[in-house]
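Work through the exercises below with the coordinates open. Each task is followed by its solution.

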Amino acid sequence: MFRIVAMRGFLTSSIGVTCAAMLVLPLTPLTPPTASAAAAVTAAVAAAHPGGTRSLPLVPLSRERRLAAAPEQGLYRAGGERFSLLGVVWDDPGTELHGRVQVRTRSAATRTWSGWQDVGTQAAGHGPDPGSAERTSRRVRGATAPLWVGTSDGVDVRVRATSAAAPGRRTSAGPHESLPSGLRLELVDPGDGTPPPGAPADVPPAGAATGAARAALAANADLTGFGALEIPELDRRATEQELARLRGPVSATPYIGPRPRIVTRRGWGADESLREAGFGYTKKVKAVFLHHTGSGNQYDCSQAPSVIRSIYRYHVASMGWRDIGYDFLVDKCGTIYEGRAGGVAKAVLGAHTLGFNGDSTGIAVIGTFETAKPPGAVVTAIARLTAWKLGFYGGDPRGRTYLTSAGGNLYPEGKNVRLNVISGHRDGFATECPGTSLYASLGTARSRAARYQGR
């Protein structure tokens, strides 16, 4: 049984995963910052652009704009609000979009239009588990993958249905699949959410007086100071001492990798007022699922916090999840970021692998890696993060474990499935994620993680 604590509109619910329990996070007493320091930082953050989401309904395309006889919907908009990430959502999260989504965008800097780009439609395998409170909240929607396009002020999108999958099958649209109902284009502006230069690590940002924000800032207080921008790396000896402090004395030398540097939610500028209050936990972490965000590789590493803020908004405001779905994210330079709130050393319940969110952690590499080869820094970061995270729960990166499915397109609800401790998303759900090239690197990540653990 999973339980969400202090979450608006959510009740305790079972999601069909066995042997899971809710752990309540005690908050470390907080030392308030000085009034002058808090006022200075609050003023600086308040002056920053907060970002937002624009949701626009798609409409049937005119005969002149249609490319085929299949049903098509779209939208053309120039000179509108600025945005940097986009995606398409629809009403029913259980309905898949069988078709092609293409967009072109106009650069806000040069006012030139890009070429047409495909938006990934295989996003159904991400999200909260069937039957969970998060899934049945009546706010969750179906969606494409998000696409990072950089600062833009114009968009042209078209969504075209494909031919029916079964021979001779017909729908109201003829020999083609129909499009999901309620198609909308989501335009996301990430805003300027990172703390201003020189902001003291122990000074809460604007709005941190709310319980949800203060709880998020304190969730990692067992590892670092309240409201820290990052959790620094540790050497092996210091990591083992920390493990003993948090988990109690161990009888033998523990298998745990040195703690890597992790940028916190405050460090990448999470607006804690967007998500649902409270944290959800599972009993332990038995497996790690690797993902890619499918958002494209056209970003600089300095833009990674903006990309994460955009994905966070897309997951919460557009797709209706309670928080960003991944427990961790890694950019193409190998920087590791905290994902879903609740504490990086804890077993936070994510929404990353439909059917297998229980007793697992989800790590997403920012980008698309179907054909693009992941940089060496990415594989190293995955190995270091998994060696440390699994070490808290006795996991062997080269081993296999059992997880109980909560339902999906590969395994029915209740089936006990044997999986690699470090698996790809496609191992638990039939999807292209994490991309063929990134998936091929899992063997290297497993062996490196084992070495980091001292195995």
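**Exercise 1.** Does C333 count as buried, partly exposed or exposed?

Solution. This is a predicted model, where local features need pLDDT of at least 70, side-chain atom pairs count only at pLDDT 80 or more, and totals for chains, interfaces and linings use all residues. Residues are numbered from 1 along each chain as its sequence is written, and side-chain values use heavy atoms, with hydrogens and water left out. Take the classes: buried is under 20% relative accessible area, exposed over 50%, partly exposed in between (1.4 Å probe, protein chains only). C333 has 47% relative accessibility, so it is partly exposed. C433, at 3%, is buried.

**Exercise 2.** Find the disulfide and state what it ties together.

Solution. Search for cysteine sulfur pairs within 2.5 Å, the disulfide criterion. The structure holds 1 disulfide. C301 and C333 form it, with sulfurs 2.0 Å apart. The angle about the S-S bond is 95°, and the link is right-handed. C301 sits in the loop between β11 (287–292) and α5 (304–318), and C333 in the loop between β12 (328–330) and β13 (336–338), so the link joins parts 32 residues apart in sequence. Helices (H or I, at least four residues) and strands (E, at least two) are DSSP runs, numbered from the N terminus.

**Exercise 3.** Describe how α6 and α9 cross.

Solution. Start with the axes, which are lines fitted to C-alpha atoms over the stretch in contact, with angles from 0 to 180 degrees between N-to-C directions. The axes of α6 (residues 376–391) and α9 (residues 442–452) come within 8 Å and cross at roughly 50°.
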